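Here is a walk through one protein model, from its sheet to its helices to its main pocket. Keep the structure open in a viewer as you read.

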Amino acid sequence: MELHIAPCTDQDLEVLVNLSKHTFIDAFEDDNDPEDFEAYISTAFDKEVLRNQLLDPNTQFYFVYLDAVVVGYFKLNERGSQTDVKDGNALEIERIYVLKDYQGKGIGAWMMKRIISMAGDKKKYYLWLGVWEKNPKAIKFYQGLGFYRFGSHPYYIGRDKQQDWLMRLDL
C-alpha cells in the first residue's frame, strides 16, 4: 500500500465538498451546538465557496490517496490568501484531515512531511496553522512535530466564538 498526493482541480469539486464536510463532521460535530454547527458546515463547505478557493492562485488543495482511495486532504494558503498572518515567507496549513477509518496509521505524519517538503521547495521560512484550543490530540500531534504556539485568534462555528491557537514551525 502506497500513499501519494494529487492536487485538486475544479473537476474534483464534488469529492472535495463531500470529503470536507465528512471529515469536519467526524472531527467536531459532537463538541458543538447543532444549530451553529449546521450553519458553519453549510457556509464553509458550500460548493461555490470551495470552487472560488480552488480558483485562487494562492490556495492549493491536495487529496491524499492510499493506493486509489482518497483517505484525506489538506489545504495550503500563501500570501494574501492566508487567513491571519499573511506573510509571503510563510505557508499556512488551513486544513488537514484524514478520514476516521484511516486515522492512527501514520497518514497525518506522512502528510505533514510532504507539506514541510513543499514549503521548503517554495523557499518558505515557516509553516503556521490554527488549531482549536479544545483539541488536545491535535495540539500534541503538532507539538510533536516541532510546532509551538505563537498566538491565538477567534474562530466562529456559527455564532459560537471559539479560540484557535496559532502554531508555527520554523523551517
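Two strands count as paired if DSSP finds at least two bridges between them. By that rule β5 and β7 pair, with seven bridges joining them in an antiparallel run. One link is easy to find: Val131 has Trp165 in β7 as its bridge partner. Bear in mind that this is a predicted model.

Now widen the view to the sheet. It is open, and seven strands form it. Their order is β1-β2-β3-β4-β5-β7-β6, and the pairing is mixed. Which strands sit at the edges? They are β1 (residues 3-7) and β6, and each pairs on one side only. From one strand to the next, the twist averages 30°. In a regular strand, side chains alternate between the two faces of the sheet.

Look next at β6 and β7. These strands pair in the antiparallel sense over nine bridges. Tyr148 has Arg168 in β7 as its bridge partner. The hairpin of β6 and β7 has two residues between the strands. There Gly158 takes a positive phi, near 65°.

Turn to the helices. α4 lies across six strands by name: β1, β2 (59-66), β3 (69-77), β4, β5 and β7. Against β4, α4 runs at about 160°.

Another packing involves two helices. Two packed helices are described by the angle between their axes and the distance between the axes. For α1 (residues 13-28) and α3 (residues 47-55), the axes come within 10 Å and cross at roughly 115°. The crossing of α1 past α3 is right-handed. On the α1 side, the contact uses Leu13, Glu14, Leu16, Val17 and Ser20. On the α3 side, they meet Lys47, Leu50, Arg51 and Leu54. By class, this contact has five nonpolar, one polar and three charged residues.

Finally, consider the empty space. Rolling a probe the size of a water molecule over the atoms shows where such space is left. How much space lies in the largest pocket? About 1,100 Å³. The pocket is lined by 39 residues, and the closest to its centre are Ile96, Tyr97, Asn135, Ala138 and Tyr142. Elements that give two or more residues to the lining are α1, β4 (90-98), α4 (107-121), β5 (126-132), α5 (136-144), β6 (148-157) and β7 (160-170). The largest share, seven residues, comes from β4. By class, the lining has 21 nonpolar, 10 polar and eight charged residues.

Methods. Residues numbered from 1 in each chain as written. Predicted model: local features only at pLDDT ≥ 70, side-chain atom pairs only at ≥ 80, totals over all residues. Heavy atoms only, no water. Axes fitted to C-alpha atoms, helices over the stretch in contact; angles between N-to-C directions. Helix = DSSP H or I, 4+ residues; strand = E, 2+ residues; numbered from the N terminus. Left-handed = near helix turned anticlockwise from the far one by under 90°. Contact = heavy atoms within 4.5 Å. Nonpolar A, V, L, I, M, F, W, Y, C, P; charged D, E, K, R; others polar. 1 Å grid on protein atoms, 1.4 Å probe; cavity = no way out; pocket = protein on both sides within 12 Å on 5 of 7 lines; lining within 4 Å. Points joined across faces, edges and corners; volume = space filled by probe spheres on them.
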